[in-house]
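Thanks for sending this one over. Here are my notes, set out point by point so you can follow them alongside the structure.

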Amino acid sequence: MKRQELIVSALDHGTVIDHIPCDRLFEVIRLLHLQDMTSKVTIGYNLKSAKMGTKSIIKIADRFFTDAELNQLSVVAPDVTLAVIRDYEVVEKRQVSMPHEICGIIRCNNPKCITNNEPMPTLFHIVDEDPSLVRCHYCNHEQDIKQVKIIPSPSLC
Amino acid sequence: MENRSLVTIADHTREKILYLLAMAEQFELHPNRRILDGRVVATLFFEPSTRTRLSFETAANRLGARVIGFADPKVTSGTKGETLKDTIMMVSNYADVIVMRHYLEGAARYASEIAPVPVVNAGDGANQHPSQTMLDLYTIYQTQHRLDNLDIYLVGDLKYGRTVHSLLMAMRHFNPTFHFIAPDELSMPESYKLYCRKMGIQYVEHKDFDAEVIAGADILYMTRVQRERFTDLMEYERVKDRYLLKLDMLRKAKPNMRILHPLPRVNEIEYAIDDDTHAYYFQQARNGLFARQAILCDVLGITLDQVINDNTIIA
């Protein structure tokens with residue numbers, strides 16, 4: 001093995017999240033609450049990528065996520081690839097897909113929205129006609145998903 | 001338990017709207033009853049709105065319910081930092097239904113999700129005001145004897161006026177043609193025009209506001225052009241009188257045409273029009289009572305049949 005390569009032991013059971021844009025890595029970590037995990041988590045940051053220039057990767061041992069949990073990732077990093085590993089084999093590989101609802105992750109842009117003035121989770125619906133827009137379940141404001149802010153310590157609903 | 005709250009008129013089907021109008025019609029025939037005897041209605045006004053509050057409280061009182069609540073947010077614990085949730089949970093212990101006005105958008109939806117009793121939205125910021133829409137629909141039905149295939153002219157502030165937005169959404173079931181007449185700064189937002197196209201609602205935009213344009217109207221729905229909506233006050237001074245309705249502009253109006261206004265009026269309808277047969281805004285305000293009586297009964301689970309066969313009517 002060449003010395004300049006990253007040495008990471010292979011995962012026997014768990015989840016690999018690859019092709020994370022480097023500027024979104026820490027949001028992905030917060031979103032999945034990796035900081036609270038007790039199992040082994042390996043995080044690669046600023047790695048070379050032929051496809052992306054630089055990328056980040058997260059390997060999480062002994063943890064499998066539900067579709068609903070993983071699909072919430074699409075809000076911060078829509079192009080990540082996921083691999084589910086069992087007994088050192090990739091048993092499933094897939095992309096995340098945009099959920100119909102986004103709960104507790106993003107903040108409403110409307111300062112007069114109840115969600116910005118009351119301790120409560122937010123909820124957004126993806127606009128059918130234009131999936132780049134989300135509509136606040138409470139105040140009904142439609143907003144561009146790229147312009148909404150991520151809640152600093154989001155909780156998955 | 002099924003949540004019977006009324007948060008937005010957009011939740012209601014054509015059948016449900018017609019059902020509520022039929023119920024309001026019964027209350028117009030006999031407004032004084034004891035059908036809500038023993039019930040307690042809470043009116044929580046986190047933002048003052050005297051006319052809406054009096055209308056709801058009159059509706060409750062004339063049906064025999066008792067009313068608790070506050071009209072001035074300064075007296076509530078909200079000013080001490082209590083959350084809306086805590087206030088709603090506390091009041092739910094006392095009342096059978098909560099009528100709420102709030103300055104924050106989405107407050108009514110949230111309250112309806114957490115409250116064990118039904119919530120009636122009496123206005124949440126710039127968002128929704130469904131009881132106003134119900135009384136508008138009732139008034140249109142009362143004056144035109146139908147809701148289908150009408151030419152409805154919306155005049156004034158079409159950008160911020162939530163009453164016109166709610167009316168537009170509620171009328172989607174009835175194949176209307178809308179006509180938008182507004183200054184550029186207050187024109188109908190693109191999102192609502194998109195909504196019209198999606199729902200197959202026809203609309204026409206007019207530059208002029210004169211007798212020729214008004215001649216096609218079944219309903220002329222006037223709204224207030226508010227000075228504070230303008231960033232450029234010169235522009236306000238320039239346009240404010242252009243959307244003033246004057247008596248001579250009605251000379252070509254259809255006989256069935258009626259002028260509505262959510263009130264308060266400032267200067268958008270000439271006072272001379274008040275005595276004209278086309279003027280209907282004061283009767284419209286009176287209809288708020290019947291529409292709200294129907295809303296209160298419906299959220300409390302009282303059916304149209306029960307209202308028709310009601311033996312608590314006070315002659």
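**Notes on the two chains**

1. I started with helix 2 of chain B, whose buried residues are B:T52, B:R53, B:S55, B:F56, B:A59, B:A60 and B:R62. Do click through these in your viewer before reading on.

2. Please keep in mind that this is a predicted model. For chain B the mean pLDDT is 94, and 99% of the residues reach 70 or more. As for the complex, the predictor gives an ipTM of 0.89 and a pTM of 0.88. A general caution for any such model: where pLDDT is low, the predicted coordinates should not be read in detail.

3. Back to helix 2 of chain B: what do its buried residues pack against? Their partners, also in chain B, are strand 1 (40-45), strand 2 (66-70), strand 3 (97-102), strand 4 (119-124) and helix 10 (281-299).

4. How far apart should the ends of helix 2 of chain B be? This helix covers residues 50-62, which makes 13 residues, and at 1.5 Å a residue the expected span is 18 Å. The end C-alpha atoms are 18 Å apart, so the model agrees with the expectation. Just after the helix, B:G64 has a positive phi of about 90 degrees.

5. Now for the domains of chain B. The domain assignment gives domain 1 as 9-128 + 288-308 and domain 2 as 131-284. Between the C-alpha centres of these two domains of chain B the distance is 27 Å. Domain 1 of chain B brings 17 residues to the contact, and domain 2 of chain B brings 13 residues.

6. Which elements supply the domain 1 side of that contact in chain B? Helix 1 (14-29), strand 4 and helix 10 of chain B each give at least two residues to the side that touches domain 2. Strand 4 and helix 10 also appear among the packing partners of helix 2 in chain B. By class, the domain 1 side of chain B consists of 12 nonpolar, three polar and two charged residues.

7. Chain A deserves its own look. Two helices and 11 strands are found in chain A, and from the N terminus on they follow the order β-α-β-β-α-β-β-β-β-β-β-β-β. The C-alpha trace of chain A spans about 55 × 30 × 25 Å along its principal axes.

8. How much of chain A is buried? Of its 157 residues, 24% count as buried. Among the contacts in chain A with a separation of 6 or more, 61% are between residues 24 or more positions apart.

Note on methods:
Residues are numbered from 1 along each chain as its sequence is written. Chains are lettered from A and ligands numbered from 1 in the order in which they are written. This is a predicted model: local features need pLDDT of at least 70, side-chain atom pairs count only at pLDDT 80 or more; totals for chains, interfaces and linings use all residues. pLDDT is the predictor's confidence in each residue, from 0 to 100. Helices (H or I, at least four residues) and strands (E, at least two) are DSSP runs, numbered from the N terminus. The expected span of a helix is 1.5 Å times one less than its number of residues. A residue is buried if 20 or more other C-beta atoms lie within 10 Å of its own, exposed if 12 or fewer, and partly exposed in between; C-beta atoms are placed from the backbone. Two residues are in contact if their C-beta atoms, placed from the backbone, lie within 7 Å. Domain bounds come from an automatic or database domain assignment. Ala, Val, Leu, Ile, Met, Phe, Trp, Tyr, Cys and Pro count as nonpolar, Asp, Glu, Lys and Arg as charged, and the others, Gly among them, as polar.
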